[in-house]
Amino acid sequence: MRIAVYPGSFDPVTNGHLDVVARAARLFDEVVVAVAASNAKNSLFPANYRAELVERSLDGRDGTSNVRVTHFDGLLVDYVRSLGACAVVRGLRAISDFEFEFQMALMNRKLEPTIETIFLMPREEYSYLSSRMVREVARLGGDISSFAPAASREALHAVFHPQPDPS
Ligand code: PNS
């Protein structure tokens, strides 16, 4: 049983993330999407809600029956070890991602040499997508329908453009 962990902030999940999940699901027996509870960024959504958005976005999606979604706190390598997973999956969009990803992969390898980091490239049309940009476009009222799944779009809409209470 080869288990991979796909960690990230997923704040919120984008179509680029979902593309990487689908690719990882074809390569491993099980993929655990692991939403980081504490990260360096100030998250818009709490971790359990970010995980719920990923779950809702994957619900019924072809080729993802071997994917489950969790959230974790603390060191990634500890979490990966606790699951008995052999690999960490990260999406690599462009050269600009490389430096951070390289540092993180080598740090994780130093902390736990048995865990490999695998990089997967999303479809080219998602290569410029990031949760940060999707949040920004949503906040400013732009159309994010080709960038994020319905669950994320609804969550962003509720935060940035709440409907007035009719009562
Ligand atoms: O989607 P992101 O924000 O690029 O994901 C980064 C994440 C959450 C994978 C990374 O910050 C992480 O692994 N955090 C957990 C804490 C940890 O293990 N830090 C050391 C790794 S360098």
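# A tour from ring to pocket

Start by selecting Tyr79: its relative accessible area is 16%, so Tyr79 is buried. Here "buried" means under 20% relative accessible area, "exposed" means over 50%, and "partly exposed" is in between, all with a 1.4 Å probe and protein chains only.

Before you move on, a word about what's on screen. This is a predicted model, in which local features need pLDDT of at least 70 and side-chain atom pairs count only at pLDDT 80 or more, while totals for chains, interfaces and linings use all residues. Residues are numbered from 1 along each chain as its sequence is written, and side-chain values use heavy atoms, with hydrogens and water left out.

**Stop 1: the rings**

Across the whole structure there are 5 aromatic pairs. Rings of Phe, Tyr and Trp (its six-membered ring) pair if their centres lie within 6.5 Å; planes under 30 degrees apart are stacked, over 60 edge-to-face, and the rest tilted. Select Tyr6 and Phe10: the ring centres are 5.2 Å apart and the planes meet at 90°, so this pair is edge-to-face. Tyr6 is buried at 4% relative accessibility, and Phe10 is buried at 2%. Now show Phe72 with Tyr79, where the centres are 5.1 Å apart and the planes at 15°, so the pair is stacked. Phe72 is buried too, with a relative accessible area of 9%.

**Stop 2: strand E1 and the loop after it**

Color strand E1 (3-8) next. Helices (H or I, at least four residues) and strands (E, at least two) are DSSP runs, numbered from the N terminus. Is E1 enclosed or open? 6 of the 6 residues of E1 are buried, so this strand is largely enclosed by the rest of the structure. Ile3, Val5 and Pro7 point one way, and Ala4, Tyr6 and Gly8 the other way.

Add strand E2 (residues 30-36), which pairs with E1 in the parallel sense over 6 bridges; two strands pair if DSSP finds at least two bridges between them. Gly8 stands opposite Val35 in E2. The chain gets from E1 to E2 through H1, in a right-handed β-α-β crossover. Right-handed means that, with the strands pointing away from the viewer, the path from the first strand over the helix to the second runs clockwise.

Then look at the loop between E1 and H1, where you'll find Phe10 and Pro12. Phe10 has a positive phi of about 50° although it is not a glycine, and the peptide bond from Asp11 to Pro12 is cis, with omega near 0°.

**Stop 3: E4 and E5**

E1 also pairs with E4, parallel, over 2 bridges, and Val5 has Val88 as its bridge partner in E4. Strand E4 (residues 87-91) runs parallel to strand E5 (residues 116-120), and 5 bridges join them. The route from E4 to E5 goes through helix H4 (residues 95-111), again as a right-handed β-α-β crossover.

**Stop 4: Pro166**

Finish by jumping to Pro166, in the segment after helix H6 (150-160). Is Pro166 buried or exposed? Pro166 counts as exposed, at 83% relative accessibility. Measure across to Thr64 in your viewer: the two C-alpha atoms are separated by 39 Å, and the residues are 102 apart along the chain.
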